[in-house]
Amino acid sequence: MKSSTYRKYNQAYYEEIVINNEIESRVAQNYRERFLVTAEDIYIVFEMYCKEDYDDEFLRTPKGEINHKQFIDLFIICLRNDSFKIAILIYTCFLNPAEDMTPRLMDILMNTIRESVQFHEQKLFYLHQHFDVLSIYQMNTLIDIY
Amino acid sequence: MAIFYCLFFCIYYRNPDLVEFLRSYVYKTEGYPKIARLLEMIDINGLDRLRTIGEPMNAITYHMVFYQAIDDDLRVVYSSILRQLRMIQLRDADAIHFLTKRDYELIRLTFQKITAKLNLT
């Protein structure tokens, strides 16, 4: 039951129902035309895509309303929820890795390594790619993790 | 199942006399298990408790009727329950029903509701 993972019913809840069930495409289109209109509604749905790693839907949905800061927030959601299919899409298409990969992001990344073993090779890719961002303290933490 | 919904509206509008009439009718005919269950709930908890929003038994009773009404496509029943309850547990089938019926008014109404976790299917 999808509602058990939500605190309140919102646009993302119904969008997830549309994705996970065989809803007729016209029904889905009518729903989206009415409920996924404002930038805020679209962002709520993108948050859900990033939590659940729905990469096909992420690619299909227009992203004109999403600004750069929101993409960084979405990237953080992906890291925290092991949604690395979307994470690599955001990283390659919508972030400026040299500037956006901050020590805070590296902290979040190291936490995910500690908490889950999934997508380990991708986590190591980000670590190696941005090793220069790590502080001495973070390097010590990294050694502790392994 | 008409008796089932009659019993629900007896709770909804607080009509103990009609409950007694329906009870004698149900005893004379072969009733559905759900009707017997609803009568049992009325006997144990009383109409007042069952219709008080916030009581645990109210949530269980209303959800039982809500799910049945969605399955039977009775909008009058499920929309009135949806308007009453503040916390509601939608099954995936309920959300699909709202979407396929293009019931955007009720979808908007659910946006104001908090999800509940009940041991009911």
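Start at the interface of this predicted model by selecting chains A and B together: 17 residues of chain B are in contact with 18 residues of chain A. On the side of chain B that touches chain A, the elements that give two or more residues are helix H6 (92–100), helix H7 (104–110) and strand S2 (114–115) of chain B. Colour H6(B) before the others, since H6(B) gives the most to this side of chain B, with five residues. If you then colour that side of chain B by residue class, you will find eight nonpolar, four polar and five charged residues.

Next, keep H6(B) displayed and add helix H1 (residues 11–20) of chain A, which packs against H6(B) at an angle of about 95°, the two axes being 10 Å apart. Angles of 65 to 115 degrees count as roughly perpendicular, and therefore H1(A) is roughly perpendicular to H6(B). Show side chains here: from H1(A), select Tyr14(A), Ile17(A) and Val18(A), which meet Asp92(B), Ala95(B), Ile96(B) and Leu99(B) in H6(B). By class, the residues of this contact of H1(A) with H6(B) divide into six nonpolar, no polar and one charged.

Now hide chain B and look at chain A alone, which has ten helices and zero strands, so that, as a reading along the sequence, the pattern is α-α-α-α-α-α-α-α-α-α. Orient the view along the principal axes, where the C-alpha atoms of chain A fill a box of roughly 55 × 30 × 25 Å. Of the 146 residues in chain A, 25% count as buried. Among the contacts in chain A between residues at least 6 apart in sequence, 67% join residues at least 24 apart.

Then colour chain A by domain, with domain 1 covering 1–96 and domain 2 covering 101–146. Taken over C-alpha atoms, the centres of domain 1 and domain 2 of chain A are separated by 26 Å. The contact of the two takes six residues from domain 1 of chain A and eight residues from domain 2 of chain A.

As a last selection, take the side of domain 1 of chain A that touches domain 2 of chain A, where the elements that give two or more residues are helix H5 (68–80) and helix H6 (84–93) of chain A. H5(A) supplies the largest share of this side, three residues. Coloured by class, this side of domain 1 of chain A divides into four nonpolar, no polar and two charged residues.

How values were computed:
Residues are numbered from 1 along each chain as its sequence is written. Chains are lettered from A and ligands numbered from 1 in the order in which they are written. This is a predicted model: local features need pLDDT of at least 70, side-chain atom pairs count only at pLDDT 80 or more; totals for chains, interfaces and linings use all residues. Two residues are in contact if their C-beta atoms, placed from the backbone, lie within 7 Å. Helices (H or I, at least four residues) and strands (E, at least two) are DSSP runs, numbered from the N terminus. Ala, Val, Leu, Ile, Met, Phe, Trp, Tyr, Cys and Pro count as nonpolar, Asp, Glu, Lys and Arg as charged, and the others, Gly among them, as polar. A residue is buried if 20 or more other C-beta atoms lie within 10 Å of its own, exposed if 12 or fewer, and partly exposed in between; C-beta atoms are placed from the backbone. Axes are lines fitted to C-alpha atoms, for helices over the stretch in contact, and angles run from 0 to 180 degrees between N-to-C directions. Angles under 35 degrees count as roughly parallel, over 145 as roughly antiparallel, 65 to 115 as roughly perpendicular and the rest as oblique. Domain bounds come from an automatic or database domain assignment.
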